[in-house]
Structure formats: C-alpha cells, structure tokens
Amino acid sequence: MIDRNTFFKEVTIKICSSLKIKTALKGAFDYLRQNIPLDSLALTIRDTNLAALRRVAQVATNRVELADEVFVLPEELWSKVQAWEVRAPTIMSADHDEVIRAIAPYIKLEGNSAILIPLWVENEWLGGLILRVRGEGVYDSSHVELLATVTEPFSIALANALAHERLLRYRDTLLDDNSFLNRELLSHTSDEIIGGNTGLRNVMEMVRQVAPLNNSVLLLGETGTGKEVIANVIHFGSPRRDGPFIKVNCGAIPESLIDSELFGHEKGAFTGAVAEKRGRFERAGGGTIFLDEIGELPLQAQVRLLRVLQNREIERVGGSRPIPLDIRVIAASHRNLETMVSENRFREDLWFRLNVFPVIIPPLRQRKEDIPALTRYFVMRKSKELGISGSPAIVPGALQRLTDYSWPGNVRELENIVEREMIRYRGEQLLFDSLLPAEDGRWKKEPPEDSRRQAPLKLDAILFQHISKVLKMTNGKIHGRDGAAALLGVEPNTLRARMDKLGIDYRRKRNAS
C-alpha cells in the first residue's frame, strides 16, 4: 500500500494543477488509477435552482469526454438528498443507505463498485466525486481510508475550480452586455445629438472628420456645454468603439494621488501600496481615455502625460520598466489653456501636443435654436426618471421665455431647470415662469412662490390653462351638454381649432367625447 503522506502530496499537486475542472480531474484520475482500481471519476454537484444533481465533469479510461448531464430528481427524493449528511468517503451500497438506493439508477450503480467523496466547504455540501470500477465488491475499507486523506484538498480545489468557471461565465456575460451597450451607444450618432444639424452643425462635422482617426482631440468650451457627450460620440464613432472608454475628471483627484490614479503603482511604492495597481491609462488599453478639466493637472503630472502622448508608454509609480500603451487621448477644458501657458501654469509643449485638432463647443446662448428641442428632450427624460406617466405639456410662450434667458450654466443648467419645474408642477403644465426679466434684459430666476403665481401671463397661456382645466372637469369630453364646448360657450369645432393652435392634445381623449 502506498505511503499516505506521499499519496496526499501527489493527489493535492494533481488536483491543484489547474483551475479548469476537467483538466484537474484528468491529472488526479491518472494518478489515482495507479493506486486504486478505477474506471471513471465524475464530479457531480447539487443544483438548487433545478432541484437536480448535475454532472459537470467526468474522466474515464477510454478518454471519451461525456457531456454534462442533469439528473432531475422527484421532489421527495430531492428533499432527502438536501438533508443527506455524508461527511467522509463511503462505499456506495444500495443495501446500507436509503438515499444511495434511491439515486442508484441515476448513477448506474448496478454491476459496478463506487466510492463517494463528499465535498464540503465551510459546512456547505457542494456535491461529490464518484470513483467507479466495473464489478461489485471491488472496493474495501483500505481504499476508503486512503481517500479520506485527500477529501479536504479535493473539496477546496474543486470548489475553487467551480468558482473560477462561474467567474468566467460572468465575464462572458459582461462582455456580451458591454458589446450590446456599445452597439446601442454607437447608434446615437450626430443625427441623434440634439442640435447636431443646427447649433452644433459645425462641431459635428469636425467630429465626423476626426472620429475614424487615432490622433488626440482637444475639446474646449464653457462648463456644461456637453464636452463629455461629444467625447462619447468620438469614441463610439471610432474603430476603438469596442474597447474601454475611461473617463477621468482631473480636477477631482487629490494632487497627492494623481500619479497613482493615472499611471498606477507597484507593490511597496509607498506606504499603503500593499499590491500593484493598474492606473486609468492602462485600463484604457485598446480604447479611449477622456481627460476632463485637463487644465487642473499639476505640472508634474503634465510632464508624465506628455511622455504618454509622445512615446505611448508609461511607468508606474515605483516601477522601472516602461509599459506600452495602445490608447487614444481626448482632453477637455473650460479654461483658456493658451493664457495658462503664458502664465506658466500649463506646459507649452503639452499644449502644442494637445492642440492638434481643437474642437470648440459653443455655449447655449450662441445656439438658442436648440433650446426648444433640448427642453422637450429633458422633459421626456425626466418624466421617466421621476416616474411621471406621459410627458407634461409646455405652456405656449414658455419656450420663448427659455430662449430669451442667457444660460450661464449652459445645457447643464437647462437640465436642472427642467427637473425643478417638473417637480414643482407634477401633473400640470410646465410654465417655466421662475425666470423673470432682469435689469440687464437677460432674465433672472424668482424664488418667491406668491409672486410666481401672480406673475402676468400672455393671453395664450391663460387660454391654455383655462381650457385644460375645463377638459379635466369633463374628463376630456368635448361634445354634448356637459362637454367642454358647452361649458365654454363655443362650438366643438371652434374649440378643437383653438386646442390645435395652443398645442392641447385631445385626440388621445377622443374616446371619452
């Protein structure tokens, strides 16, 4: 009989040789067969979702790889299997165990000898390894005692292998989801960018020119103009669309951490660096990195960024070897970088490297023709976010009020105004009358509720509110003695014409009239 310590060592080495279950089983099978009568070795686990035993791997002397197989058990038998407490290797005999007798037909026990090695990890029974050989009564207590020495390494190694396979499945699922999302995002081209054919027409033309290429791009514009949206369009319109798109707000990272965050660090590079870490540039490999507010980078980080742009390589903090990169850099800033260069706050050589293809995004006040479309888009989006069924109507004259405002916060401010208005007017028409004329002729926001309610409205706005109120009283009914037309003292066709002019949708309520 083989020495137990040697047996334990060799089996542990074989079963831990690979995270692939079938590869690990093959290694263990070859060694076990030299010391124990063995024709096949199968791993069967409990699948609680299916209420079944599932064979996930099997190795046999003929080396024919059997497909995974699921043994769905009757409810009563499944309950017994779940409650089965087998902690040590045991000879599978139908004469000595009720559960073994019940599952014998599923595992083809008749005419064979079998030993079950139960796999337990932290008091959870995962399943078992079944060793089988032709002929009855082949196995005895000496085989069971020998296998008892390797129960724990078998359990740990195979539990790790199962976890690894689950991780690979999750990874494949995430990759598939990522590809789907990329395809969805790619569909949002310049035709879907609001203002892509009007106020942002020139910007989108430049985007179409530069997106298929691999050069760096610099996006310039005031805060809230949509620089990140344009960066998205460039990435998903490029050959790198299937790669990662890593976004970095350079102004949000503490100066003491910026090198580590961008370029990564080696283990032991500084206090607290207990493991190596990939930086944002490495994570963007094969894709695009978007450096927002690049004017906030400290000068030391600017030097390292210049090397990235020149040599397409980085060195981690505490490292000594260069790491090649395959990335595209899109930078953005609301600052005047050229002025910062003259003030020695931004490196001139970095400025020249970035300024190869600048794209200037105009502020919202310079593309006011886009405000109505943007407003309707935000109303529709915020309706979904706030759980409002249907998109609230906008009172006539309100869009003009929005267009006349100067919008110092640009598109981001418009989005916030729309959200606030929908919260305040939930279920009603949107007035946007919290913007009142200021002395400079632009418009200002007025917080007091009473003055907002008493603010004078244009005639169309008053008619819109009154007709909508009457329609609500009649549940949308227009004809008849108790219809909205009769209450207002006008002909139904006259009322419909007025509603068309004011933009009141009555067609969806026609069944009620």
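# A tour of helix pairs, rings and single residues

Helices α1 and α2 run roughly antiparallel to each other, because angles over 145 degrees between axes count as such. Their axes cross at roughly 155° and come within 7 Å. The model on screen is a predicted one.

**Stop 1: α1 and α2.** Select residues 4–15 for α1 and residues 21–35 for α2. On the α1 side, show T6, F7, E10, V11, K14 and I15; they meet A24, L25, G27, A28, Y31, L32 and N35 of α2. By residue class, this contact divides into 8 nonpolar, 3 polar and 2 charged.

**Stop 2: a ring pair between these helices.** Keep F7 and Y31 and hide the rest of the contact. What describes a pair of aromatic rings? The distance of the centres and the angle of the planes do. For F7 and Y31 the centres are 6.0 Å apart and the planes stand at 40°, so this pair is tilted. F7 belongs to α1 and Y31 to α2, so the pair ties together parts that are 24 residues apart in sequence. Both F7 and Y31 are buried.

**Stop 3: F236 and F245.** Now select these two phenylalanines. The ring centres of F236 and F245 are 6.2 Å apart and the planes meet at 65°, so the pair is edge-to-face. F236 is buried, as is F245. Add F290 to the selection: F236, F245 and F290 form one aromatic cluster. The count for the model comes to 6 aromatic pairs.

**Stop 4: α3 and α4.** Select residues 75–83 for helix α3 and residues 98–107 for helix α4. The angle between them is about 120° and their axes are 10 Å apart. α3 and α4 are therefore oblique to each other. The crossing of α3 past α4 is left-handed. To see the contact, show L77, K80 and V81 in α3 together with E98, V99, A102, I103 and Y106 in α4. Of the residues in this contact, 6 are nonpolar, none is polar and 2 are charged.

**Stop 5: S383.** Go to helix α14, residues 371–386, where S383 lies. Is S383 buried or exposed? S383 has a relative accessible area of 2%, so it is buried. Which residues is S383 in contact with, leaving aside its neighbours within four places in sequence? They are I388, G390, S391, P392 and M422. Draw a distance from S383 to M422: the C-alpha atoms are 8.0 Å apart, while the two residues are 39 residues apart in sequence.

**Stop 6: N410.** Next, select helix α16, residues 410–424, which contains N410. Phi of N410 is near 60°, a positive value in a residue other than glycine. N410 has 0% relative accessibility, so it counts as buried.

**Stop 7: N344.** The last selection is the loop between α12 (337–342) and α13 (348–354), where N344 is placed. Phi of N344 is near 60°, again positive in a residue other than glycine. Is N344 buried or exposed? With a relative accessible area of 63%, N344 is exposed. Set N344 beside N410 to finish: N344 is exposed, whereas N410 is buried.

How values were computed:
Residues numbered from 1 in each chain as written. Predicted model: local features only at pLDDT ≥ 70, side-chain atom pairs only at ≥ 80, totals over all residues. Heavy atoms only, no water. Axes fitted to C-alpha atoms, helices over the stretch in contact; angles between N-to-C directions. Helix = DSSP H or I, 4+ residues; strand = E, 2+ residues; numbered from the N terminus. Parallel < 35°, antiparallel > 145°, perpendicular 65-115°, else oblique. Left-handed = near helix turned anticlockwise from the far one by under 90°. Contact = heavy atoms within 4.5 Å. Nonpolar A, V, L, I, M, F, W, Y, C, P; charged D, E, K, R; others polar. Phe/Tyr/Trp six-rings, centres within 6.5 Å; stacked < 30°, edge-to-face > 60°. Buried < 20%, exposed > 50% of the residue type's maximum accessible area, 1.4 Å probe, protein only.
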